[in-house]
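Q: I have a model open and would like to learn how to read it feature by feature. Could you walk me through it?

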Amino acid sequence: MLPSRPLLHAGVFALVVLQAFAADTFIAAVYEHAVILPDPTEKPVSHNVALALMNKNMDILEGAIKEAAQQGAHIIVTPEDGIYGWKFTRESIYPYLEDIPDPVVDWIPCTDPSRFGPAPVQERLSCMARNNSIYVVANIGDKKLCNSSDPTCPSDGRYQYNTDVVFDPEGKLVARYHKYNLFRSETQFNYPKEPEAVTFETPFGKFGIFTCFDILFYEPAVVLVSKMQVDTVLFPTAWMNVLPFLTAVEFHSAWAMGMRVNLLSANTHNINFAMIGSGLFTPEGPAAYHYDSGTEEGCLLLAELNARPRLSPTYPPAVNWSLHATSSQKFPGENYTFSGSVRRDIFTFGELKHKAGNYTVCQGDLCCHLVYQMSDKRKNEVYVLGAFDGLHGSLIKYHWQICTLLKCKSTDLDTCGQPVETAETKFEMFSLSGTFGTNYVFPEVLYSGVQLAPGEFEVLRDGRLKNKHSTSKPLITATLFGRLYEKDPPHPLRT
C-alpha cells in the first residue's frame, strides 16, 4: 500500500530538515549508575512502593542528564535495569512495568501523560529529555496483555519484556526495543516473538539500539550494523565482568573496532556483582571509558564522536582476518602444548618459554600464530599463546574462535586462563593472527590494572594484531575474538 500524499510530504520534509541540520560530530554521554535496588521479595509490592523506588533512581539519573546537557551532550545512555534493578521473579516485577506503545503513535508523554493509561515513568523520562533538550535512552519494562487465542500467551495473560526506550529532545518517544537474547537469569521476562531491528534518524547520524547479551549474537547486533548500516549503537547493559576476555570495557571496545561503528555503552555499577565498566567506543578505539572496582559511585562520561564514521578519512579499512595466518607456514619451535580451562572452555595453550620467538597453536579449524619479543623475561610470570574453537556458554551457547596472548595467574600452568588483573612484563613487539573462519573478529589489548591501550596497537589489512611500539604498560592479554554466528545453536525461542 502506497503512503498517502500528506504522509509522504511529511516524510520528505523531515528528511530535508535532518540533512539541513546534519552535523559532522556530536557529543555523546553515558552514565554508569549505582542502582538503588528493591528489597528482595517473591510477592509483588504495591504500585506506589514500586514507583517510589523507581523515582529514587530517576532522581539520580535526572541529575546526570542535566549535567550532561549542560556540558553540551546531544544524547545520553543510561544502563539496563537502571531504574528498578534486577532482583525479581515474574510476579514481583509486575508493579514496575508500564504499557509502552509503538513509537509510530507520535507521542510525547510529558505533555500528554494519560493517552495510553498510567505511565509515570515514561512521563518523567520524556520530561527529562524535553526539559534538557537532549535524547534520553533508558531501560524499563513493557507489559502487553494477551489471551487464549494466542497459543504462546503466558498463563498469567500477559507478555513482559526487557525494553529500551528513546525520547528525543522534544520528549517524543522515537524508539522502543524488546531484548531478544535474554540472559539465563531473566526469567521475569518473555522473548519477543521475532527479533527487532530498531533504528532512528537524528541530525547526527543513524542510530540503532539493543541490550546487553544481544551484543554477542547475529540478531540484532550484526543485522543493525551490517544490514541496516547504523552509524552508532546505543547499548544499555548490566554486564558482569569475566576476565580474561569478557570484561565490559575490553569486549565492548573490541566489538566497536571489529564492527567499525560507534558504541555507547552504559553499564550498571555494582561491585558486589562485578558490574562495572562503561565507555564511548569508536572504530578507532575508546574515546572515553571508565572501569572502577573500588568505589560505589556512579560516573558520567562524555566525548565528541564522529557522527558518520564510515565517511571519516580515518575509518579503518576492511580486514581479511585470515589472510596472514592462512598464507603463513606453521612456525617452527616449541611443539609442546597443553589444555587449560578458561571458565568452562578448554583451550589449547603453548607456553612462551623464551624472551622472543615464533609460535603456532591450533585447535579445531583454528591455528593461532604469534611473533613476539618481551622487554624482559621474568621468572615469576608465565605467558601462553592460546587457541579455542568451539561453543561457549552454559544454557545459551554460541561459537567462538579465539586467539590470545595471555598471562597466567602464576607460574603453575594449571592457572593459565584464570582471571588476572595485574602484570609486570612489557613487550617490545607482538604480532598475533589466526586462520579465522569468519569476518567478524574483535581485537583488543588489555594492560595491567584492566586498562585499555588506545592508540598503541593496530590491525593490519591481512588480519595481524600488532603493537605500534613497545607496550607502555605490562600486558595481561592481546586477543582476537572471532564469532562464527552460522554455527550457533538455534535461539531458545526456536527450540
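Q: Let me begin with one residue: where is Ser293 found?
A: Bear in mind that this is a predicted model. Ser293 sits in a loop, with strand 11 (285-290) before it and strand 12 (299-306) after it.

Q: Is Ser293 buried or exposed?
A: In between: buried means under 20% relative accessible area and exposed means over 50%. Ser293 has 44%, so it is partly exposed. You can also place it against another residue: the C-alpha atoms of Ser293 and Ala266 are separated by 16 Å, with their positions 27 residues apart along the chain.

Q: Which residues does the UniProt domain feature cover?
A: The unreviewed UniProt entry places "domain: CN hydrolase" at residues 31-307. Over that stretch the chain is 21% helix and 26% strand, and the C-alpha atoms at its ends are 20 Å apart.

Q: How many salt bridges are there?
A: The idea is a side-chain nitrogen of Lys or Arg within 4 Å of a carboxyl oxygen of Asp or Glu. By that rule the count is 16.

Q: What are the partners of Asp142 and Asp156?
A: Asp142 pairs with Lys144, and their closest N and O atoms are 2.7 Å apart. Asp142 is buried, at 0% relative accessibility, whereas Lys144 is partly exposed at 22%. Asp156 meets Arg158 in a salt bridge at 3.7 Å, N to O. In this pair Asp156 is partly exposed, with 29%, and Arg158 is buried, with 13%.

Q: Which distant parts of the chain does the pair of Glu424 and Arg378 link?
A: Their salt bridge has its closest N and O atoms 3.2 Å apart. Glu424 belongs to the loop between strand 18 (398-407) and strand 19 (427-434), while Arg378 belongs to the loop between strand 16 (366-374) and strand 17 (383-392); the two are 46 residues apart. Glu424 is partly exposed at 40%, and Arg378 is partly exposed at 31%. Elsewhere, salt bridges with shared partners join Asp59, Glu62 and Arg124 into one network.

Q: Which residues form the positive surface patch?
A: Arg184, Arg343, Arg344 and Lys397 form it. Take Arg344 as the example: it lies in the loop between strand 13 (338-342) and strand 14 (345-351). Its relative accessible area is 59%, so Arg344 counts as exposed.

Q: Turning to the backbone, where are Pro220 and Pro244 found, and what joins each to the residue before it?
A: A cis peptide bond joins Glu219 to Pro220, with omega about 10°. Pro220 is part of helix 4 (residues 218-227). Leu243 and Pro244 are also joined by a cis peptide bond, with omega about 10°. Pro244 lies in the loop between strand 8 (232-237) and helix 5 (248-259).

Q: What is the phi of Arg260, and what is that of Val450?
A: For Arg260, phi is near 60°, a positive value in a residue other than glycine. Arg260 lies in the loop between helix 5 and strand 9 (262-267), and is partly exposed at 23% relative accessibility. Val450 is not a glycine either, and has a positive phi of about 55°. Its loop runs between strand 20 (441-447) and strand 21 (451-452). With 2% relative accessibility, Val450 counts as buried.

Definitions and conventions: Residues numbered from 1 in each chain as written. Predicted model: local features only at pLDDT ≥ 70, side-chain atom pairs only at ≥ 80, totals over all residues. Heavy atoms only, no water. Patch = residues over 30% accessible without salt bridge, like charges linked within 9 Å, V, L, I, M, F, W, Y side chains within 5 Å. Areas by Shrake-Rupley, 256 points an atom, 1.4 Å probe, with all protein chains shown as cover. Lys, Arg positive; Asp, Glu negative; His and termini not counted. Charge placed at Lys NZ, Arg CZ, Asp CG, Glu CD. Helix = DSSP H or I, 4+ residues; strand = E, 2+ residues; numbered from the N terminus. Buried < 20%, exposed > 50% of the residue type's maximum accessible area, 1.4 Å probe, protein only. UniProt positions renumbered as here; feature names shortened; annotations may be inferred.
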